[in-house]
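Me: Please take a close look at one strand of this protein. I should like to know how it is enclosed and which strands it pairs with.

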Amino acid sequence: MSDRVKINIDGTEYEVDAGSNLVDAAKWHAGNDIPVFCYHPKMEPVGMCRMCLVELGTPARDRATGEVALNDDGSPQIRYFPKLQTACTTVVSDGMHIKTETQQVIDARNDVLEFLLSSHPLDCPICDKGGECPLQNLTMRHGPQSSRMYFEDKQLLEKHYPLGDLIFLDRERCIQCARCVRFQDEIVGDDVLAFHERGRRLQIITNSDPGFDTYFSGNTTDICPVGALTTADFRFGARPWELNEVPSISPWDAAGENISLSMRLDRDFDGKAMIKRVMPRQNEQVNEIWISDKTRFGHHFTRSNERLQRPRMRSGAELRDSTWEAAIADIAEVLRNADGDVAAIAGSGMSNEDLWELRRLMKGLGGNRLGAWPPTHGGAESVARAGVGFGTNLGQLGKGDAILVIASDLEEEVPIWRLRLKQAQDRGAYLVVANARDTRLEDFALQGARNDKVVEGDAIRYAAGDAVAVMRDLEKKHKAIAARLSQAENLVIVAGAEGLTLEGSAALAQAAANFLIETGHVGRPNNGLLSPIPGANGMGLHYVGYSPAASLDIAAKPPKVLIVAQAELLDDDPTAQAWLSEVETIIYANFFDGGISELADFMLPLQSFAERDGSYVNGERRVQRFYTAQGPIGQALPAWKLFASLRQAMGMSHLKPSAAAVMLELSKNVPAFDGMRYQALSQVKRQFPDVGSRDQYYGGTAYSNEGGLGIQIPSVADGKKLKPVAISEPEAISAVDGELLIVPVTRLYNRQRNFRPSLLMEPRILAAYATMNPDDAQTLGIIHNDVIEISAGESTLRARVCISDEMAAGAVALPRHMTDAAVPLTMTAGTVSRVSQAVAAAD
């Protein structure tokens, strides 16, 4: 059977993919925008709104022979349906004829719009959707020019109903297309919205506590075809036609979500351009057209009043404001006098350009210790060797494929990967989740059926710290699961670091890579290894020459001079205060103080991702660039320019004119970045579905990609055949009598310094808590909601306890960055004791 069919649209013949949706085929091949409200190319069609009605005909066939009946001129006879058909529920077939411009179709569209408008509020001038409203646009194009609405029949419903802390619903504007309900159910899997009541009083409600409890709620405002759903962040903030869109990349995690920063000159920002909202930018190989709520609502740090505004230098016991000229001159003198005893620690929010200039500075000084921060994930080297193959697209995983996620909670660490892997399971992929505790993705793996479809998956629960042994012995201990993974057409393994030391996470990644190599699942698209390395540029750190092992070496043997760039040492490492006090001179460059002002000798303000050009390498090794959107805060500099200025002051080289020039030099000197010039990174091509143009009724307000799709760095396996590598067995972490294993875990919403300025998100950040197994709690005399004290090495903090058998016995799960006290960097042993008893009102 051919995979292509011929259809006729308004008298013109087109060859299209067999099995295509008619609305999609007409738009993609014929440029014919069949209007829709309820249909969305990313969701199953439901035919609710009837806006897509067309005249539809198929070739008539002889009942006796089954052959196509022909007219006298030899053309096939076309038998049209007696009534109009919904295009969105129609799959193309060979010989199909469609008419979209007849009077019958025109009248039907007019009638549908008149019905919708019969009780729709006429508040376009104050509606946030005005200017990008599908209902408004389609009414102008297809609707009645005058209204027959009777005001006394108009439904009067709630106008400003909060579905949660982030999303407001205007119930009068809702046209019951169900896009939001279906998005949460079909795509996200968080079934937190529903319909309530019937007929004209049908309304959207939230059925979760807290309301609209999901990490992807903002996407519903993008796909809403009217102004019914708006965000608390952007509501009444600006008109769409006032905004300038600037392509960018999410600074939060390894997914590298493509975003568009909506900018406007604003009086609240001293008349300068500021981010009014963050919108998704289509990249089908990265985030499709979705972004997480943290990406959407976590941008406020870029203009926070708490940002470092100008250079500061130590004078006696105080840090005093200075000038860049004086600071660079003094720092250059300090570096000259260090006699090569210099080290640097760079955070995973640093761009490739920043990292390159810092590396060149260090090389010129004779220093070779380049630390990557945080030193929690050791899988970068294995990802570079056996990472997902060149051309991988997680959106193509489906029936016959398999996924293993081990030692990672993707819902909290990289939510877009969780979303896309859950959808892969929906399409038929076999999903296995292995961890020492329950995770959201495990719930999906074990669901069995979803949306009237059978889904397949398994879970492996192991003791904390045993992830390496589970991966290494998978074929011995879990034969059935290993067999299904081995026999899959395509296999992707996500190897994290939860419940592991740095050495343990490196061993786990290598064990996963060995399994992939042995089963032939490397070196080709949609096969290979991923690791949820924290931050936007964890893989960039690796490729430019930084390592987490070097960070631990720096902590163990502090240098004379330490450069700390965009790394929150005190917030992340409870031992940092001690080892930093042994450093003679600390040069600290970041957005915020970071609590290091008592130790630092120089504090230098850096520009955020929104204030300069740069590039990141995401977890799939895709190099993507971001663009300058807003002016700098105070006297902040791009990090690359700071380090290049220091090199110039020391006579090492001249300052490059731009980030593009730095990237050009990087591409010539680091093989992984060969050909990665900005012009190449900015290349775009047409993507399916074709969203982001004036036809916002089709895909929503996600923006088309005009900033670049990026270029994926090939893995070593893409170029040659790999052999398994012996695993370096990590030293086991064990708890003696009276101790438990303390397992640091990640929460998406936390109190990291960059996230704190997003006050809108504060209600979603949980109070400090820890999760422990009921058996351990009973042994220690602890009950649910008690306040406990956890002590592990230099770390001591208090939290309320959650008793749950979702956590393996012998361990306590302790979320990072929920209080000002630092949690241990990686798993360790510690003691747990009760401080105060639970009160009845606690929940």
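Reply: What follows concerns one strand, its burial and its pairing partners. This is a predicted model, in which local features need pLDDT of at least 70, side-chain atom pairs count only at pLDDT 80 or more, and totals for chains, interfaces and linings use all residues. Residues are numbered from 1 along each chain as its sequence is written, and side-chain values use heavy atoms, without hydrogens or water.

The strand is β30, residues 622–626 (strands are DSSP runs of E, at least two residues, numbered from the N terminus). Five of its five residues are buried, so β30 is largely enclosed by the rest of the structure; buried here means under 20% relative accessible area with a 1.4 Å probe, protein chains only. From β30, Arg622, Gln624 and Phe626 point one way, whereas Val623 and Arg625 point the other way, and all are buried.

One partner of β30 is strand β29 (residues 614–617), joined to it in the antiparallel sense over four bridges (two strands pair if DSSP finds at least two bridges between them). Within this pairing, Val617 has Val623 of β30 as its bridge partner. The two strands, β29 and β30, make a hairpin with four residues between them. In the turn of this hairpin, Arg621 has a positive phi of about 70°.

β30 also pairs with strand β31 (residues 711–712), again in the antiparallel sense, over two bridges. Here Val623 stands opposite Ile711 of β31. Val623 is therefore a point of contact in both pairings: its bridge partner in β29 is Val617, and in β31 it faces Ile711.

How values were computed:
Buried means under 20% relative accessible area, exposed over 50%, partly exposed in between (1.4 Å probe, protein chains only).
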